[in-house]
Amino acid sequence: MKKVLALMLAMAMALSLAACGGGGDNPPPADNPPATTPAGTPSDSTPPSDPAPSGDKINLNVIISQYGNYTQEWWPTFEKDFEDTYSNIDLNIEIVSWNDLYTVVSTRIGTDQAPDILNIDTFADYVADDLLVPAEEYTSDELKAKLIPSFWSANELDGTVWALPILASCRALFCNMDLLNEAGVTAPPKTWDEVDAACQAIKDKFGGSIVPWGLDISQDEGQAAFSYYTWNNGGGFVDEKGDWALNSEANVEAMNYIKSLIDNGYCNANPYTDTRYPLQDAFNAGSQAMMIGACNMMSADSEVNYVVADLPTQTGTPVAMGVCDRLMVFDSSVTASKNSDEAARLDAVSKFFDFFYDTNRYSEYMVFEGFLPVTTDSSELLSKSADQFAVGGTGAPGDSEYFANFSSILLSCDFYPSSRSEWIDVKQGVIEAEQRICQGEDAQAVLDEIQARVAG
């Protein structure tokens with residue numbers, strides 16, 4: 001199964017995942033960097049032609065982000081099926097590469113040619129400019145009831161939900177069970193003490209030929225490591241009131257634990273500069289025993305006998321890191337469709353979402369693109385019967401074990417507070433803190449400084 005799973009993921013996704021990290025003000029999409037734009041796919045800043053008005057027809061322009069080389073093959077069928085079902089709605093779906101997406105959207109907004117519905121990763125700037133419609137205004141009760149609650153609330157800003165999650169990725173613990181078993185470890189570690197014991201067993205058995213634990217606290221994604229360890233020690237970026245709490249006691253303990261992994265020789269030699277990509281390569285090659293990684297990090301040619309497990313925790317309740325891209329609705333005043341009846345437009349938008357998140361249709365799209373569903377009904381279906389759907393570009397059947405493993409982890413996900421205006425500074429601040437602490441500075445003093453400087 002592992003080989004089939006790896007092949008499925010590698011061929012389904014032309015994007016080598018990078019979300020939740022990376023530089024710039026706009027983080028890359030749901031664990032993926034930009035794909036190239038296939039020939040013929042619209043990607044410039046010229047808006048689509050407005051559909052010709054026809055009686056009481058509602059026009060909906062939709063921009064969908066290109067997740068792989070086959071994204072543009074799935075959506076035309078969706079468009080036809082939708083218009084066959086709702087003859088009073090003219091649907092115009094455009095696929096835009098992530099390479100061009102931010103420029104295209106900014107240009108369209110600047111000329112009041114925004115789409116009615118946009119698939120992108122961030123929404124806070126649009127909210128700040130009063131461009132979006134609150135999600136409650138177009139989300140049916142049936143759809144809201146089946147969205148995984150944490151993914152619904154991940155789109156909240158100042159008490160209002162502004163977008164719907166379109167798809168998900170998550171991080172989990174990957175363990176090379178052949179290496180662990182050879183070292184006398186029979187199961188993935190569940191606690192930090194068990195991590196230490198497993199790492200020491202690997203070190204004793206293999207010496208320096210096998211790295212026990214992959215660690216990335218680099219500028220690329222050090223904030224992810226901060227999440228893994230602080231969340232699983234009862235800490236994190238904010239406290240229960242939502243206030244920044246970077247210098248909490250739990251966070252100090254977590255940073256000292258990361259330092260102990262390095263000091264004990266359990267990690268790769270250069271955790272300050274090693275990104276997760278060489279760590280994933282090492283795990284795929286069988287030279288690294290354990291690492292926390294994205295759900296689709298395994299390569300098609302890997303021979304590793306691995307298992308996926310919850311992140312080790314000190315609190316008793318594992319917390320994973322979730323990633324989701326979003327679907328949001330623009331205010332009609334800035335859209336190209338120029339519908340005069342806003343109530344009718346939002347009703348059409350609601351129909352679009354109900355149609356898209358239909359159990360079978362949405363499940364098909366998740367297998368096609370190789371991502372995880374954000375609805376409970378599709379999670380349940382794909383955990384049992386993913387093989388009834390085909391992977392985009394390959395025709396290979398979906399893998400139920402993959403969806404069962406990772407869909408269960410999705411239920412324990414938490415998210416970066418990336419909608420907060422301070423996030424970019426906080427992200428860089430915690431990476432700086434990790435690096436300074438792991439090189440010998442006092443954890444409490446460093447986190448106090450970062451808290452005062454970037455979080456206030």
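Where is the place of proline 115?

## Proline 115

In this predicted model, proline 115 falls in a loop, the one between α3 (98–110) and β3 (117–120). Its relative accessible area is 3%, and that is under the 20% limit, so proline 115 is buried.

Leaving aside residues up to four places away in sequence, proline 115 touches Asn61, Val62, Ile63, Phe330 and Thr335. Proline 115 can also be set beside aspartate 331: 216 residues separate the two in sequence, while their C-alpha atoms are 9.4 Å apart in space.

## Nonpolar cores

The largest nonpolar core has 93 residues. Which of its residues touch the most other members? They are Phe352 and Phe353. Phenylalanine 352 has contacts with Leu60, Val62, Trp75, Phe78, Phe82, Leu91, Ile93 and Ile117, again not counting residues up to four places away in sequence. Val62 is one of the residues that phenylalanine 352 touches, and Val62 is also among the contacts of proline 115.

There is a second core, separate from the largest one, with 56 residues. Among them are Ile202, Ile217, Phe237 and Tyr416.

## Aromatic rings

How many aromatic pairs does the structure hold? The count is 39. In one of these pairs, the ring centres of tryptophan 192 and tyrosine 257 are 4.4 Å apart and the ring planes are at 5°; planes under 30 degrees apart count as stacked, so this pair is stacked. The pair links distant parts of the chain, since tryptophan 192 is in helix α8 (residues 192–206) and tyrosine 257 is in helix α10 (residues 249–263), 65 residues apart. Tryptophan 192 is buried, at 5% relative accessible area, and tyrosine 257 is buried too, at 9%.

Rings also meet charges in this model. The charged end of arginine 361 sits over the ring of phenylalanine 355, at 3.5 Å from the ring centre. Likewise, arginine 420 has its charged end over the ring of tryptophan 244, at 4.6 Å from the centre.

## Cysteines without disulfides

A disulfide is a covalent bond between the sulfur atoms of two cysteines. The count of disulfides here is zero. Why is cysteine 170 in no disulfide? The nearest cysteine sulfur belongs to cysteine 413 and is 4.9 Å away, whereas a disulfide needs the two sulfur atoms within 2.5 Å, so cysteine 170 does not qualify. Cysteine 170 is buried, with a relative accessible area of 0%.

The same reasoning applies to cysteine 438: its nearest cysteine sulfur, that of cysteine 267, is 8.5 Å away, and the cut-off is 2.5 Å, so cysteine 438 is in no disulfide either. Cysteine 438 is buried, at 6% relative accessible area.

## Salt bridges

Side chains of opposite charge can pair when their charged atoms come close. The structure holds 18 salt bridges. One of them joins lysine 144 and glutamate 136, with an N to O distance of 2.7 Å. Lysine 144 has a relative accessible area of 34% and is partly exposed; glutamate 136, at 47%, is partly exposed as well.

Another salt bridge is formed by lysine 146 and aspartate 377, whose closest N and O atoms are 3.2 Å apart. Lysine 146 is in helix α5 (residues 141–146) and aspartate 377 is in helix α14 (residues 376–385), so the pair ties together parts that are 231 residues apart in sequence. Are these two residues buried or exposed? Both lysine 146 and aspartate 377 are buried.

A further salt bridge runs between arginine 436 and glutamate 441, where the closest N and O atoms are 3.0 Å apart. Glutamate 441 is partly exposed, at 38% relative accessibility. Through salt bridges that share partners, Glu432, Arg436, Glu441, Glu449 and Arg453 are joined into one network.

## Serine 400

Serine 400 belongs to helix α15 (residues 400–410). Its relative accessible area of 16% is under 20%, so serine 400 counts as buried.

Serine 400 touches Leu382, Ser383, Lys384, Ser385, Ala386 and Asp387, not counting residues up to four places away in sequence. Between serine 400 and serine 383 the separation is 17 residues in sequence and 4.7 Å in space, C-alpha to C-alpha.

Terms used. Residues are numbered from 1 along each chain as its sequence is written. This is a predicted model: local features need pLDDT of at least 70, side-chain atom pairs count only at pLDDT 80 or more; totals for chains, interfaces and linings use all residues. Side-chain values use heavy atoms; hydrogens and water are left out. Rings of Phe, Tyr and Trp (its six-membered ring) pair if their centres lie within 6.5 Å; planes under 30 degrees apart count as stacked, over 60 as edge-to-face and the rest as tilted. Helices (H or I, at least four residues) and strands (E, at least two) are DSSP runs, numbered from the N terminus. Buried means under 20% relative accessible area, exposed over 50%, partly exposed in between (1.4 Å probe, protein chains only). A charge sits over a ring if NZ of Lys or CZ of Arg is within 6 Å of the ring centre and within 35 degrees of the ring normal. Contact means heavy atoms within 4.5 Å. A nonpolar core is a set of buried Ala, Val, Leu, Ile, Met, Phe, Trp, Tyr and Cys residues joined through side-chain atoms within 4.5 Å. A salt bridge is a side-chain nitrogen of Lys or Arg within 4 Å of a carboxyl oxygen of Asp or Glu.
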